[in-house]
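Subject: The structure for you to look at

Hello,

Here is the structure I promised to pass on. Please open it alongside this message, and my notes on what turned up will follow below it.

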Amino acid sequence: MIQQILLPLAKQGGAEVVTGYSVDRLNMTKDAITSIHLQKGRQQPHTISTNAVIIASGGYLNNEWMIDHHTPFQMPILPINSGHNTGDGLQLAYDVGAQKSKLGVIMLCGGTIKDLSQPAYKYRDDSVCIAAAKQGMLWVNERGNRFVDESIAENLSLAGNALVSQNRVFSILDQTTLNQLSAGPIPRPMNFGAGALTQLSGLTDEVAKMAASNQPYIHTAESITELAEQLDTPKLVETVTRYRQFCQHQADDDFGKPAKYLYDLSKGPYYAIELAAGAFCTVGGLKVDRGNAVLNHKGQPISGLYAVGNDAAGVLVGDTYGFNVPGTEAGYAVYSGRHAVDSIADLI
Ligand SMILES: Cc1cc2nc3c(=O)[nH]c(=O)nc-3n(C[C@H](O)[C@H](O)[C@H](O)COP(=O)(O)OP(=O)(O)OC[C@H]3O[C@@H](n4cnc5c(N)ncnc54)[C@H](O)[C@@H]3O)c2cc1C
């Protein structure tokens, strides 16, 4: 949409579009924006005079320092995005006196394999990740206890929030379960746009390959007792014994998980695959008024400075985070962009 429709229209309207530049400073006199400073690689920097700037840098999900300092989670948050949301826009605004607001809110998107060596998007369509994180199989925490009805995997936001409430999460699978998921039908068919995926063909081989790679996020054992020792999860044996009773009676007395997700863990080898929370973007960081003007520490607008999209999206969240309406965040990016442009039309 941007390339084919919006860009030609903007150019027709007289806009000059430059790419590959990084804005590294906003210049102000008194209380108003006067220019921006741009850098492109080793080229001569540019200064562009303006009395209106819209910040739309997409938040700070790829800024490890900001994520560490502004979020309370013990579990790593693995970005599933472009890698370019480094918090630059927020920092530019803070440097000219903008108020920090709603930092720490993240649009989580369920579980992913805790592989810190690969970008998390690589696991989006991966059969092991689908089995471990998205099919409602048994999840235990760092003590070996269940903590949620694992069918919560059906909802990306809720699943992400459940995962980050624990220090560590392991998905527990056995050989019979792998064989069943391989043969299909899987309890939760996935839809990646090319028709529904109803079985995870090759899953057994993929898990065996991953286990043979000795990666820290996968553990294998012949018995649950041995697995509990490896993971240092003292309650695991008790949890699995109780869970197996639920599977045999097809009723989850502890969390009420629907019976279609209850796969008995009857036959080794057993596998524990460690999960982390995936994330699409951060939400908020700057405080804006109804016209999307950025507010300073006193709650007053910084003249000429506006923010939209993820940088300003703190307006979408209150005391709790509930992104259950599809498109909430992307919708706000479109709405706020248009709204900010309307607000500055008289200024430029
Ligand atoms: C995989 C994925 C799935 C998603 N699914 C949904 C969904 O289902 N529903 C929903 O509502 N939202 C979803 N989102 C979130 C939604 O896409 C974002 O909220 C939206 O794109 C934010 O737009 P933005 O303009 O704020 O930021 P972005 O689209 O990230 O754009 C910011 C731009 O600023 C650039 N930039 C950063 N720093 C600088 C700098 N210093 N100088 C110049 N340029 C800079 C970046 O390169 C980037 O191009 C999803 C996101 C991802 C990654």
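How far does a backbone N or O atom of Gly 327 lie from an oxygen atom of the ligand? The distance is 3.3 Å. Please keep in mind as you read that this is a predicted model.

**Around the ligand**

Right beside Gly 327 in the sequence, Thr 328 also brings a backbone N or O atom to the ligand, 3.2 Å from an oxygen atom. Asn 310 uses its side chain instead: a polar atom there lies 2.7 Å from a ligand oxygen. As for cover, the ligand taken alone exposes 1000 Å², and the protein buries 62% of that.

If you would like to find the site by its secondary structure, look for strand 1 (22–29), strand 13 (270–282) and helix 10 (328–344), the elements that each give two or more residues to the shell around the ligand. Helix 10 supplies the largest share, with 4 residues. In total, 21 residues surround the ligand, and the closest are Asn 85, Asp 88, Asn 310, Glu 329 and Ala 330. By type, the shell divides into 9 nonpolar, 10 polar and 2 charged residues.

**Two domains**

The domain assignment splits the protein into domain 1, which covers 15–107 and 281–344, and domain 2, which covers 109–277. Their C-alpha centres lie 37 Å apart. Where the two meet, 12 residues of domain 1 are in contact with 20 residues of domain 2.

The size of an interface is often given as the accessible area lost when the parts come together. For this pair of domains, about 1300 Å² is buried between them, with 67% of it on carbon and sulfur atoms. On the domain 1 side, Met 75, Leu 78 and Ile 80 lose the most area to domain 2, and together they make up 50% of what that side buries.

**Some backbone details**

Most residues other than glycine have a negative phi, and most peptide bonds are trans. With that in mind, here are three spots to look up.

- The peptide bond from Gly 184 to Pro 185 is cis, with omega near -5 degrees. Pro 185 sits in the loop between helix 6 (175–183) and strand 10 (190–191).
- Gly 268 and Pro 269 are also joined by a cis peptide bond, with omega about 0 degrees. You will find Pro 269 in the loop between helix 9 (236–249) and strand 13.
- Asn 214, a residue other than glycine, has a positive phi near 55 degrees. Its place is in the loop between helix 7 (203–212) and strand 12 (218–221).

Enjoy looking around!

Best wishes

Conventions. Residues numbered from 1 in each chain as written. Predicted model: local features only at pLDDT ≥ 70, side-chain atom pairs only at ≥ 80, totals over all residues. Heavy atoms only, no water. Near = heavy atom within 4 Å. Polar contact = N/O pair within 3.5 Å; in protein donor to acceptor, adjacent residues only side chain to side chain. Areas by Shrake-Rupley, 256 points an atom, 1.4 Å probe, with all protein chains shown as cover. Nonpolar A, V, L, I, M, F, W, Y, C, P; charged D, E, K, R; others polar. Domains from an automatic or database assignment. Contact = heavy atoms within 4.5 Å. Buried area = accessible area lost by both parts, 1.4 Å probe.
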